[in-house]
Amino acid sequence: MSSEFDTAAAQLRLHDATPAPVTSSPVLRGIGLRKKYRSGTSTLEVLRGVDVELAAGEFVAIVGQSGSGKTTLLHLLGLLDAPDGGEVHLAGTRIDTLSSSKQDLIRNTQIGMVFQSYHLLPELDAVENVLAPLYVRYGMLEWLRRRHDARQEAVALLERFGLGARLSHRPRQLSGGEMQRVAIARALIARPQLLLADEPTGNLDAASGAGILETLTELNQSDGLSIVMVTHDTAIAARAGRVIKLADGCVEQQLTTPGRSAHAPPDFHERPARAGG
Amino acid sequence: MYKLLLCWRYLRTRWIALASVVSVTLGVATMIVVNAVMAGFSHEMQTRIHGILSDIVFESHSLSGFQDPDWHMEEIRRAAGDNIAGMTPTVAVPAMLSFQVRGQWITRQVMFIGIDADTHASVSDFGEYLQHPANRQQLSFDLREGGYDTQLDADAESEPLRPALENAGWPYRRERVEQEKLWRQQQQAAGGPVRPLDQHVDAVLAATEDPAPPSDTTNSTDLDAAAPIDPFRQARPDEGRTMDPATEQFAGIVPGIGLASFRDRSGVDRFLILPGDDVKVTFPTAGTPPKAVSNTFTVVDFYESKMSEYDSNFVFVPLEELQRMRGMIEPETGIGSVNSIQIKLAEGANLDEVRDALRKAFPPELYAVSTWRDKQGPLLSAVDMEMAVLNILLFLIVAVAGFGILAIFFMIVVEKTRDIGILKAIGAGSSGIAGIFLGYGLALGIVGGGVGMALGLTITWNINNIRQAVEWWTGQRVFDPSIYYFFNIPTIINPFTVSWIIAGAVGIAVAASVLPAFRAARLHPVEALRHE
């Protein structure tokens, strides 16, 4: 079944469930990333040369105050925005200078994205939302050939996330936690190497947020998925293997959490920042 | 794939967009209905005109006409070859028709046309327009013993009857003569002055007057011998004998139905004269200067082409009678003159080519050759012009609807900004995003055009029911048959026109979605995702 998907997208075998060892070869690298925003005459320099590296199978959290540039960094890494300086490498290849159609393909096949406000398409039901990346990838005929397998896979993913009873519900009929799990399933359907999550728990209550975090952690540990998560909550960041702290557009601090302990380093506690980046 | 899916979903969930295509729908429906009705009218009118006029009319400039139609017909055949399917000579002169209604004389200006009963039906649809079934088969200028149609159209049930025609013919004539006799007796019994009836006077006049020199010698010498054959000649002087109107008739005449009747507001025809009545016609003789002569004729049928212009203008009589009365027959040779020859062309012959060939073959100073289209050129081109202008105006309505779509699409793009960002985030390209909205425009155009087509065709097919419903509802006649002379609105649906209308509407819908689609494609994913 899996051989039907693009081999480029299938480097990670979600269902093989072989825990990938944390290797040193980086899946994703950002080198000296810079980004400026101009509004009228004033220029706001959001990122001033940020270096990040993500090893295969690693779970990295990016934290920082509101306005520290963490979401912008995630957008640059996810090819949603172009850097004003610096490079983005995916599995050893520079990707930020590729043509837009190639970037579209990478976004579609190699990078899964999860957003704070879920961003599901309101016209589609849960299964269809999960299938959306495949809809985008395949033409009509190709889709007709693959739709049976693809649908089965989408259903399997949703069932894995405990949404087996919600398959044909529209987003507005789902709770926040359910929507976010649909969004994660959507990010995973294309079997990406990499999951970029922007405040995935930001809009959720504590219990739902914990559930989502549990899911991400499990994906990272059992499936070996490489994850970059942006958050302002240090407690949440502590679930990651490594925490990168941004301040004023620069990397201020990198902390490795050995054994992925649940409690955060003490110096993060002083900033209970609210607004998302 | 996602383009189709999302188009389909948007189509099903965005009612506001469907509202924007309502104007497309209405525009398409209106265009289809208007085109069908205009085409129907135009076609009906052309067949009417063509049915009355033969394909080509060959006529003399002079009212006195030209001599020897047989020789002319041979020449025409020689000039036009196999293109000629039939020919018939006619004489047409302006005249005055007078008849009496309730003691009052009514006089109308008419075109008095002498036709050859045997061949006239072969060049035009003349025969089809008569009211007696037997006359439609073969015209006879003898009064029929009843049997005139009382229904306008054999298949139409709802149309009003013409009860007056039920008794028409000899039964009506006998009844009328009987009544007149009774009336005279009453007058006599009352001791009043016995005024000779007009009918009676006419009979005497006809008996004493003979304006044209007799065409054959037997006529002048031995009238009794000719009498049994020709009813008209029975009316000739029999040394003071007057004809018996209850058993004899004058020369037959077929007036247009518009001269003899009028249609009231409810669509029922009211007849002033009926087959069996006698009328007087005053017309100029041939020669210079023309002299006015009068003669009495008996109405034997009505002519109804449903073109009011013709139905209230044409009066048909036997060609030979008219020739004789006008003095168009050479006494020595017996060769008559006519002033036009009606020509019917063979199937597939080119109208204009034959006309040009005939124009070349005959001196234009003496003869005018024209096709039926030439004769009605201004009318036909006016109808075409009207249709073109209407189409332009209605298409502008659809174009205006396009701007509605444009505005609503911009709104939808704004509303869908976040979704566009999501699609871009999961790898949809700009062309794909533009494709969604172009496809959406196409889908709306197809829906609008399709519903419009269905609506337009339904209205067209039921237009007469709708007309009746509106008439019932408002109590007003929407389609006044006394003006149009048909009871049902004629329609012709031309598939070619319909497909052009649909294509135009769909094209406008797509064109209106180009700009919003372009805008959607250019949205920056980060900006779009930030949009709340």
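This tour moves through chain A, the contact between the chains, and then chain B.

The model is predicted: local features need pLDDT of at least 70, side-chain atom pairs count only at pLDDT 80 or more, and totals for chains, interfaces and linings use all residues. Residues are numbered from 1 along each chain as its sequence is written, while chains are lettered from A and ligands numbered from 1 in the order in which they are written.

**Chain A: the sheet**

Select β2, β1, β4 and β5 of chain A, which form, in that order, an open sheet of four strands with antiparallel pairing. Strands (E, at least two residues) and helices (H or I, at least four) are DSSP runs numbered from the N terminus, and two strands pair if DSSP finds at least two bridges between them. The edges are β2 (42-55) and β5 (93-94) of chain A, each pairing on one side only. Next, display β1 (residues 26-39) with β4 (residues 85-90) of chain A, joined in the antiparallel sense by five bridges; A:Leu28 has A:Leu90 in β4(A) as its bridge partner.

Add helix α1 (residues 70-77) of chain A, which lies across β1, β2 and β4 of chain A and runs at about 120° to β1(A). Axes are lines fitted to C-alpha atoms, for helices over the stretch in contact, and angles run from 0 to 180 degrees between N-to-C directions.

**Between the chains**

Show both chains: 23 residues of chain A are in contact with 20 residues of chain B, contact meaning that C-beta atoms, placed from the backbone, lie within 7 Å. On the chain A side, α2 (100-109), α3 (126-137) and α4 (140-160) each supply at least two residues.

**Chain B: strand β5 and helix α18**

Chain B has 22 helices and 13 strands. Select strand β5 (residues 251-255) of chain B; five of its five residues are buried, so the strand is largely enclosed by the rest of the structure. A residue is buried if 20 or more other C-beta atoms, placed from the backbone, lie within 10 Å of its own, exposed if 12 or fewer, and partly exposed in between. B:Ala251, B:Ile253 and B:Pro255 lie on one side, with B:Gly252 and B:Val254 on the other.

Add β9 (residues 292-299) of chain B, which pairs with β5(B) in the parallel sense over three bridges; B:Ile253 stands opposite B:Val299. Then add β10 (residues 314-318) of chain B, antiparallel to β5(B) and joined by two bridges, where B:Phe316 is the partner of B:Val254.

Finally, centre on B:Val447 in helix α18 (residues 430-461) of chain B. B:Val447 is partly exposed, with 18 other C-beta atoms within 10 Å. B:Val22 is 425 residues from B:Val447 in sequence and 9.6 Å away in space, C-alpha to C-alpha.

Conventions
Two residues are in contact if their C-beta atoms, placed from the backbone, lie within 7 Å.
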